Amino acid sequence: MPPPHQPPFMQNAQLDTYVSVGFSFGDAKAPNVGMYAYIWPQPDGLGDRSWGVEGAAWHPDAGLVRLPWAKLRETADPHKAIVAFGDAVYDAAVETAGWPSDLVGPRVEGWYMSKTPPALVQHQHG
């Protein structure tokens, strides 16, 4: 389990290895709106990495990579920038945590597609 001082979204069922990339409206501790990402469990060696988009930075106190919304809006193609951000986080997991590089399927509209068959997902949520 992660330490209790971590944000609630990082405390929810962190029993498996994964990468999380999402959007935050901010809060009192981190008031900036924008994208965030983290790797669980957190590997060493994240501090000196490039995160795919100018303005994205590692925040060791929070255990997050943050991409402020203001920086994202300055990019020529925000969709492409978010995909580059996600790719950089996944690459960090592969390179620093020793993950296999072939865990994800083909890209669909810029995003990696899950290897879980759509019929199985529909059955589970239908």
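**Notes on a predicted fold, starting from V33**

1. A good place to begin is V33, which sits in the loop between β1 (18-24) and β2 (34-40). This is a predicted model, and V33 in it is partly exposed, with a relative accessible area of 31%. Together with F23, F25 and W69, V33 forms a nonpolar patch on the surface, and the accessible area of the four adds up to about 400 Å². As background, nonpolar side chains in soluble globular proteins tend to be buried together.

2. Now the overall layout. The protein has four helices and six strands, and their order along the sequence is α-β-β-β-β-α-α-β-β-α. Of the 126 residues, 30% are buried. The accessible surface is about 8200 Å², with 56% of that belonging to carbon and sulfur atoms. Among contacts with a separation of 6 or more, 48% are between residues 24 or more positions apart.

3. Before going into detail, a word on confidence. Mean pLDDT for the protein is 79, with 68% of residues reaching 70 or more. Which elements have the lowest and the highest mean pLDDT? Helix α4 (residues 118-125) has the lowest, at 50, while strand β3 (residues 57-59) has the highest, at 95. Over residues 121-126 pLDDT stays under 50, and the model gives this stretch one contact beyond four places in sequence. Where pLDDT is low, the predicted coordinates should not be read in detail. I would therefore keep that caution in mind for residues 121-126, where pLDDT is under 50.

4. Next, the interior. The largest nonpolar core contains 19 residues, and I39, W51, L67 and F85 are the ones with the most contacts inside it. At least two residues of this core come from each of β2, β4 (64-68) and α3 (78-97). Helix α3 gives the most, with seven residues. F85 is worth selecting in your viewer: beyond its neighbours within four places in sequence, F85 is in contact with V21, M35, Y36, A37, W51, V53, A56, V65 and L67. Apart from this core lies another, made of five residues that include Y36, W40, A62 and L64.

5. Two buried positions deserve a look. S20 belongs to strand β1. Why does S20 count as buried? Its relative accessible area is 15%, and buried means under 20%. Leaving out residues up to four places away in sequence, S20 touches Y36, A37 and Y38. The other position is G63, in the loop between β3 and β4. At 4% relative accessibility, G63 is also counted as buried. G63 and Y38 are 25 residues apart along the chain, and their C-alpha atoms are separated by 6.7 Å.

6. Turning to helix α2 (residues 69-73), K71 is one of its residues. Is K71 buried or partly exposed? K71 is partly exposed, with a relative accessible area of 35%. Not counting residues up to four places away in sequence, K71 touches E54 and G55. From K71 to V53 the distance is 8.6 Å, C-alpha to C-alpha, and the two are 18 residues apart in sequence.

7. On charged pairs, the count comes to one salt bridge. The side chains of E95 and R49 meet in it, at 2.7 Å from N to O. This pair links distant parts of the chain, as E95 is in helix α3 and R49 is in the loop between β2 and β3, 46 residues apart. How exposed are the two partners? E95 is exposed, with a relative accessible area of 55%, whereas R49 is partly exposed, at 23%. In general, side chains of opposite charge can pair when their charged atoms come close.

8. Finally, a backbone detail that is easy to miss. W40 and P41 are joined by a cis peptide bond, with omega of about -10°. P41 is in the loop between β2 and β3, the loop that also holds R49. W40 has already appeared above, as one of the residues of the five-residue core. For context, most peptide bonds are trans.

Methods:
Residues are numbered from 1 along each chain as its sequence is written. This is a predicted model: local features need pLDDT of at least 70, side-chain atom pairs count only at pLDDT 80 or more; totals for chains, interfaces and linings use all residues. Side-chain values use heavy atoms; hydrogens and water are left out. Buried means under 20% relative accessible area, exposed over 50%, partly exposed in between (1.4 Å probe, protein chains only). Contact means heavy atoms within 4.5 Å. Accessible areas come from the Shrake-Rupley method with a 1.4 Å probe; for residues, only the protein chains shown count as cover. Patches are made of residues with over 30% relative accessible area and no salt bridge: like charges are joined within 9 Å, nonpolar side chains (Val, Leu, Ile, Met, Phe, Trp, Tyr) within 5 Å. pLDDT is the predictor's confidence in each residue, from 0 to 100. A nonpolar core is a set of buried Ala, Val, Leu, Ile, Met, Phe, Trp, Tyr and Cys residues joined through side-chain atoms within 4.5 Å.
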